[in-house]
There are 2 protein chains.
Amino acid sequence: MKTACIVGGGVIGGGWAARFLLMGWDVRVFDPDPEAERKISEVLSNARRSLPGLSDQAMPEEGALSFHAELVDAVAGAAWIQESVPERLELKHKVYASLQSVCDEGAVIASSTSGFKPSELQEGALRPGQILVAHPFNPVYLLPLAELVPSDANAPEMIAGAQGILREIGMYPLHVRKEIDAHIADRFLEAVWREALWLVKDGIATTEEIDDAIRYGFGLRWAQMGLFETYRIAGGEAGMKHFMAQFGPALKWPWTKLMDVPEFTDELVDLIAGQSDAQSGHHSIRELERIRDNNLVAMMRALKAQDFGAGAILNKAQAPAPELGDISKPILTISRAIPLDWTDYNGHMNEARYLQAFGDATDRFMEMIGCDAEYIASGGSYFTAETHIRHLDEVHAGARITVETQVILGEGKKMHLFHVMREGDRMLATGEHMLIHVSLETRKASVPAPHIEAKLVEISQAHAGLGLPEGAGAAVGKR
Amino acid sequence: MKTACIVGGGVIGGGWAARFLLMGWDVRVFDPDPEAERKISEVLSNARRSLPGLSDQAMPEEGALSFHAELVDAVAGAAWIQESVPERLELKHKVYASLQSVCDEGAVIASSTSGFKPSELQEGALRPGQILVAHPFNPVYLLPLAELVPSDANAPEMIAGAQGILREIGMYPLHVRKEIDAHIADRFLEAVWREALWLVKDGIATTEEIDDAIRYGFGLRWAQMGLFETYRIAGGEAGMKHFMAQFGPALKWPWTKLMDVPEFTDELVDLIAGQSDAQSGHHSIRELERIRDNNLVAMMRALKAQDFGAGAILNKAQAPAPELGDISKPILTISRAIPLDWTDYNGHMNEARYLQAFGDATDRFMEMIGCDAEYIASGGSYFTAETHIRHLDEVHAGARITVETQVILGEGKKMHLFHVMREGDRMLATGEHMLIHVSLETRKASVPAPHIEAKLVEISQAHAGLGLPEGAGAAVGKR
């Protein structure tokens, strides 16, 4: 069993504890704060609800979590010791001295420091080569980045071992090859923070306007590609040098209050263009554009389902759903285009997305008969009990589809629907579904509100004349 | 019919053209570049594959696109005129003079400028109040942000009208209340760019390392919440003031090369804390943490499906899938936890995700019999023809589920599978599926490679002794 020691709880230490634990390590915590146990248990409950489902494979069994009043007990057997105490150098030095007097010489002592260089941390240490920086990002249990910053005092094998452990717990160890104050990522955070303080102070923008300026625009770009790959695309076919020629002069302009700029020489342009080629040159600009667009669509649709950020903007801008029209015919419940993220390795819409479209059609039909968000909030809903899909034809991203819905039976607790999905006149699939009305309190079958049952019965009777659609009542493999 | 005029094609002008067109506007382009038509058609083809599916409702019919050699023809009937010519003030002034001599007085003339203030653009204009800044972000057809920057010369009704049109085409108009060089977002981009140039120049990091430092960490945070809401969470229960007290001193430290910092006064702290309360105070820190985690999980899983960025890290870190073991029993094909993004407004796993899990089980079984990525790349695969699901019980985020797979029939082109999903011993659902082997070239049924058919027959024969599972062969609503 692998063991990690967490020195200093709080949000960051707790995040490390959660990640190690959920990855199957035993975790031993040392923190004199009487609140430490409560704080870590709160981080842990956040981690338990979010981390395990990230993977498509089961994670190992959780390790054991224990709290220790003595450092010597907390470090017992620990292969990794993570220090996340407040950012005061003399405090950190004291902690390392205590740790090195009791811990295994082969253990990694990693600091969560945002700012100190490893050589500063190592000053005066018994074994400087045992200490380095592993700087994580909150929430530590979800975000993969850990900046791993060694100094010349750390042996290559020690660094490689630390990288291996970080990878083992699902992180991406970014080896910072040359130590510097605040490492890499926090230098950007600090630059943006400084500019943001100016904007608020000068009354240009509020905190909310600044957040919106980030999350509805470049934030989405940076979440997938970062700065340089994004700009490589902006340079277009003319390339990275063209991009830099265009924006180089801006360095002299007051586009930020932060004017301590490097000299924009040909050498610097060549250096960047060459690094960008090494990074992204295996893709054409056209390919990079499509990768970026696939990522943006997938992320924006993910946020749409959460109704947050750019996804909330999409929901607000969305055209109204079809209205319940003539009920003597099957009812138009879905009219939409196939999004990029609904297709799979076969290049066509994935089988599960057929059910997603049919589920959306069912949701829309429920709204039409009065089983809307307000009704659901009052404690009633329909749950799907049974589904039969005939996948009749393929369909690709961008295609416009419709779903029309026929009520086969609607009475009492039961709602039996038959959906037909088409692209133009081409039939793509049928979906037959038995739904049961439930009480969301008891989670058991219950009768719907009278106005819902009345509407359902009305449509059901109007649809009775349509007859049973072709394919209804079928079982898999039987014609 | 609404009409937009695009002055200056290229990536930005083309992006505006695509957004207007796909939102149902007619678009008239003026650009003397002989390549303009080709460039815009390339942007348009990217937009057509990605934008329509973002929404869950069909978009209007595309407008008509036309190219014009004379400005007077291009502006005919245009309610919106978007200028995206190169960033040279005297050129922009010339363009506005030409435009205002021929365009409708009520039309909006909006500039895509990244840097110029509207008052600079308006200098010397015939009707200064007709001109403002609408600064978009690439790709313009996907990202919702447009910084709308007026000057005192613009009437409130004109600004409101411009906001209305931007909303109508699915954008988020961020009203920049006080004009400033580079508006808001590009000031951050410029600050980060300046810091990035230092890091590359000083040999601290390569362009790729910088991109990784962004996209595996804070980029994901900023894509959904931006800077201040993220830091509000970091401050924890102690609040925004606590956060600032902690990081205020860093303004004096060399955490970036950009040292032109504002004075960190109590007034500034109060201003920021108050604005943050107004922005996010309706949520507790605990709620904000969960919103953030929901968003991060949804976006990271979206990137996982694209195998890019943080999603590629997840795929690399993932534990191996179950191996084909004892074939005399149903085969373990899925063992995983339910992710946060698989649940819906009922608080349980959405019906479509049952099919996603069964689809994953089928994919895994296909790999086990040799129908893996390499085989699929060679031109053969199985397509699902028919599906029957019994949703027997609810399951919630975080629960560990398994799927076991029984082969009911496997011979020739046919593969008839029966999946059982459980949480521990509790049966959640069954999925019965008929799959047909196809040639990916002809998209028609074909026989599988001999090694695949042989493996399938072997398992099918081993499973024959298990008998037909309960629930197999059923039709919806029939017991």
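**Exercise 1. Find what share of the 479 residues in chain A is buried.**

Solution. Buried residues account for 61% of the 479 residues in chain A. The model is predicted. Buried here means under 20% relative accessible area. Now turn to the surface. The accessible surface of chain A is about 17,300 Å². Carbon and sulfur atoms hold 52% of that surface.

**Exercise 2. Decide whether chain A is as condensed as a compact globule or more spread out.**

Solution. Begin with the elements: chain A contains 16 helices and 13 strands. Next, compare two values. For 479 residues the globule rule gives 23 Å, but the radius of gyration of chain A is 29 Å, well over that, so chain A is more spread out than a compact globule. Then take the spans. Along its principal axes, the C-alpha trace of chain A covers about 90 × 60 × 50 Å. Last, look at contacts between residues at least 6 apart in sequence: in chain A, 70% of them join residues at least 24 apart.

**Exercise 3. Work out how H9(B) and H11(B) are oriented to each other, and which residues meet.**

Solution. Locate the helices. In chain B, H9 covers residues 228–235 and H11 covers residues 266–280. Their axes lie 10 Å apart, at an angle of about 100 degrees. Angles of 65 to 115 degrees count as roughly perpendicular. H9(B) and H11(B) are therefore roughly perpendicular to each other. Now list the partners. H9(B) brings B:Phe228, B:Glu229 and B:Arg232. They meet B:Ile272, B:Ser276, B:Asp277, B:Gln279 and B:Ser280 in H11(B). Sort the residues of this contact: two are nonpolar, three polar and three charged.

Technical notes:
Residues numbered from 1 in each chain as written. Chains lettered and ligands numbered in written order. Predicted model: local features only at pLDDT ≥ 70, side-chain atom pairs only at ≥ 80, totals over all residues. Heavy atoms only, no water. Axes fitted to C-alpha atoms, helices over the stretch in contact; angles between N-to-C directions. Helix = DSSP H or I, 4+ residues; strand = E, 2+ residues; numbered from the N terminus. Parallel < 35°, antiparallel > 145°, perpendicular 65-115°, else oblique. Contact = heavy atoms within 4.5 Å. Nonpolar A, V, L, I, M, F, W, Y, C, P; charged D, E, K, R; others polar. Rg over C-alpha atoms; globule rule 2.2 N^0.38 Å. Buried < 20%, exposed > 50% of the residue type's maximum accessible area, 1.4 Å probe, protein only. Areas by Shrake-Rupley, 256 points an atom, 1.4 Å probe, with all protein chains shown as cover.
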